[in-house]
Amino acid sequence: MAEIDAQPFAFSFKPDTMALVVIDMQRDFAEPGGFGASLGNDVSRIAAIVPTVKKLIEGFRAAGLPVIHTMECHRADLSDLPPAKRNRGNPSIRIGDVGPMGRVLISGEPGTAILDELAPLPGEIVIEKPGKGAFYATSFGDELKRLGAQQLVFAGVTTEVCVQTTMREANDRGYECLLAEDATESYFPEFKAAALAMIRAQGAIVGWTATTDQVLQGVANG
């Protein structure tokens with residue numbers, strides 16, 4: 001069995017059961033004028049990982065392995081947006097408001113779209129999710145079962161919120177989870193570092209972490 005050099009120990013790779021999950025690589029989180037920037041965040045940190053995420057996606061496609069994309073977004077009527085999410089904090093614009101790239105985090109709006117460089121190919125699964133985790137109120141779990149997936153490699157943003165939430169939910173459902181360290185990012189470096197440590201603590205309590213090159217080397221050997 002092929003292995004991926006990972007922390008806290010090697011990840012045994014089962015090529016017929018692995019899929020890549022790319023979390024929320026959207027314009028609203030990565031570009032100036034988007035929702036992330038409106039919260040006062042440095043979106044250049046997110047933009048910086050785009051080439052690495054692209055490399056990871058292309059490696060999975062070349063190996064014939066599934067790539068799944070998620071998008072955090074809501075219905076136009078906001079019926080799936082609870083007040084506890086919309087009304088928190090003091091942002092300059094709120095979810096559903098009109099911003100420089102259309103209504104913020106609303107399905108079908110320009111800012112909600114996945115970055116062009118990472119756009120899904122026809123036939124790739126795209127999950128629109130109203131929450132932080134990809135399983136909540138979506139078909140994500142059913143799609144994974146349809147694929148026969150047992151192992152999931154994660155990339156995307158933000159490390160400590162939507163990525164870690166989905167990894168924890170996947171771990172609870174019995175999936176083996178591996179996070180590509182350099183293909184994920186946070187607006188806060190210390191949050192990313194803490195999330196990575198939590199994920200692989202206590203013998204991979206949530207999952208493993210490895211670099212993109214380590215992941216792709218394992219995939220190539222598989």
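## Aspartate 97, the nonpolar cores and strand β7

Leaving out residues up to four places away in sequence, aspartate 97 touches Arg86, Gly102, Arg103 and Val104. The model described here is predicted. Aspartate 97 sits in the loop that runs between α5 (83-86) and β5 (98-99). Its relative accessible area is 26%, and because buried means under 20% and exposed over 50%, aspartate 97 counts as partly exposed. Two distances from polar atoms of its side chain are listed here.

| Atom of aspartate 97 | Partner | Distance |
|---|---|---|
| Side chain of aspartate 97 | Side chain of arginine 86 | 3.2 Å |
| Polar atom of the side chain of aspartate 97 | Backbone nitrogen of arginine 94 | 2.9 Å |

The interior comes next. The largest nonpolar core holds 45 residues, and Met25, Leu56, Phe60 and Leu178 have the most contacts inside it. Helix α4 (residues 50-62) supplies the largest share of this core, five residues. A second, separate core has 23 residues, including Ile68, Leu152, Cys162 and Cys177.

Leucine 178 has contacts beyond its neighbours within four places in sequence; among them are Ile4, Ala6, Phe11, Leu152, Trp208 and Val215.

Strand β7 (residues 125-129) has side chains that alternate between two faces. Ile125, Ile127 and Lys129 point to one face and are buried, whereas Val126 and Glu128 point to the other and are not buried. Strand β7 pairs with strand β4 (residues 67-72) in the parallel sense, over five bridges. In this pairing, lysine 129 of β7 stands opposite glutamate 72.

How values were computed. Residues are numbered from 1 along each chain as its sequence is written. This is a predicted model: local features need pLDDT of at least 70, side-chain atom pairs count only at pLDDT 80 or more; totals for chains, interfaces and linings use all residues. Side-chain values use heavy atoms; hydrogens and water are left out. A nonpolar core is a set of buried Ala, Val, Leu, Ile, Met, Phe, Trp, Tyr and Cys residues joined through side-chain atoms within 4.5 Å. Buried means under 20% relative accessible area, exposed over 50%, partly exposed in between (1.4 Å probe, protein chains only). Helices (H or I, at least four residues) and strands (E, at least two) are DSSP runs, numbered from the N terminus. Contact means heavy atoms within 4.5 Å. A polar contact is a pair of N or O atoms within 3.5 Å; within protein, one must be able to donate a hydrogen and the other to accept it, and residues adjacent in sequence count only if both atoms are side-chain atoms. Two strands pair if DSSP finds at least two bridges between them.
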